[in-house]
Amino acid sequence: MRPGDRLEAVIFDVDGTLVDSERDGHRVAFNRTFEEAGLPDHWDLATYGKLLRITGGNRRMAHWFERNGMPPAQARELGERLHPRKTEIMRELIAEGAVRPRPGVTALIDALIARGVAVHVATTGTRAWVDPLLERSFGDRFDTVVTGTEVTDLKPSPAAYLEVLRLTGASPSHTVAVEDSSNGVRAAVAAGLTCIASYNSYTRDDDLEGAKLIVSSFDNPALVGWFRQRMPQMVSGA
């Protein structure tokens, strides 16, 4: 967005952006899946942080298995076989309330909606767990949700963002993406979007230089002020 451009839509990433889902959600689900399958594998906090550079759960597992000596074809087959159960466990964790919104993000979303700004989601996560998570944590706030189930080209590919733009007709020059990672920022920028990055404990050392603004939380005054300056006037009746 150029100075003075009116903000019309914001597209949020999910994992690590809207919610702190990686450490206490996905990582736990992967480890429980390994345990159920009788595998010795276990991802501690540091190990999982490094593995986040690999997008897509089955690809992440395949990478891990192959790196630990498994033939590539067998590693891919095992990752694809285990991933559905991992998704089931993730859904269970969501239902238990183990995955929660990041502080300040709900307030930002509500402020955007109150000013007539459309809010969407573009994530590489699968719809099987994304939908229940969004419903539990945010209700029906989002207008359009595109997941890795519909768009299989994962970030840093811009495919998910381009699909949101196609479905909504939103103008890239009036739309902002909110991300937390290097892959996400690269995807948003490649789609022609201005990107705001709110990193977390796993992505604080990521290369986020493509982002217009880089902060550590949604409560950051710089982030709040940046959006406030670009929001339209309060819609009638809001």
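Here's a quick tour of helices H1, H3 and H4 in a predicted model.

Let's start with the two helices that bend. The table puts H1 and H4 side by side.

| Helix | Residues in helix | First-to-last C-alpha reach | Expected at 1.5 Å a residue | Kink |
|---|---|---|---|---|
| H1 | 15 residues | 20 Å | 21 Å | about 25°, centred on Val28 |
| H4 | 24 residues | 34 Å | 34 Å | about 35°, at His83 |

**H1 and its cover**

H1 runs over residues 22–36, with its kink centred on Val28. Val28 is also one of the buried residues of this helix. The rest of that buried set is a mixed bag: Glu22, Gly25, His26, Arg27, Ala29, Phe30, Asn31, Thr33 and Phe34. So what covers them? Among the elements doing the job are H2 (45–51), H3 (57–67), H4 (72–95) and H6 (127–138). After H1 comes Gly38, with a positive phi near 75°.

**H4 and its kink**

In H4 the kink sits at His83, shortly before the proline Pro84. The buried residues here are Ala75, Leu78, Gly79, Leu82, His83, Lys86, Thr87, Ile89, Met90, Leu93 and Ile94. Many of those numbers are spaced by three or four, and here's the background: an α-helix has 3.6 residues a turn, so residues three or four places apart point the same way. The buried residues of H4 pack against H1, H3 and H6. Just after this helix, Gly97 takes a positive phi of about 85°.

**Where H3 meets H4**

Two packed helices are described by the angle between their axes and the distance between the axes. For H3 and H4, the axes come within 8 Å and cross at roughly 140°. That angle makes H3 oblique to H4, since the roughly antiparallel label is kept for angles over 145 degrees. The crossing is right-handed.

As for who meets whom, H3 brings Gly57, Asn58, Met61, Ala62, Phe65 and Glu66. On the H4 side you'll find Pro72, Ala75, Arg76, Leu78, Gly79, Glu80, Leu82 and His83.

**A closer look at His83**

Is His83 buried or exposed? His83 is buried, because its relative accessible area is 15% and the cut-off for buried is under 20%. Leaving out residues up to four places away in sequence, His83 touches Gly57, Asn58, Met61 and Thr126. Gly57, Asn58 and Met61 are among the H3 residues that meet H4. His83, then, marks the kink in H4 and also takes part in the contact with H3.

Definitions and conventions:
Residues numbered from 1 in each chain as written. Predicted model: local features only at pLDDT ≥ 70, side-chain atom pairs only at ≥ 80, totals over all residues. Heavy atoms only, no water. Helix = DSSP H or I, 4+ residues; strand = E, 2+ residues; numbered from the N terminus. Expected span 1.5 Å × (residues − 1). Bend = angle between axes of the 7 residues up to and from the residue. Buried < 20%, exposed > 50% of the residue type's maximum accessible area, 1.4 Å probe, protein only. Contact = heavy atoms within 4.5 Å. Axes fitted to C-alpha atoms, helices over the stretch in contact; angles between N-to-C directions. Parallel < 35°, antiparallel > 145°, perpendicular 65-115°, else oblique. Left-handed = near helix turned anticlockwise from the far one by under 90°.
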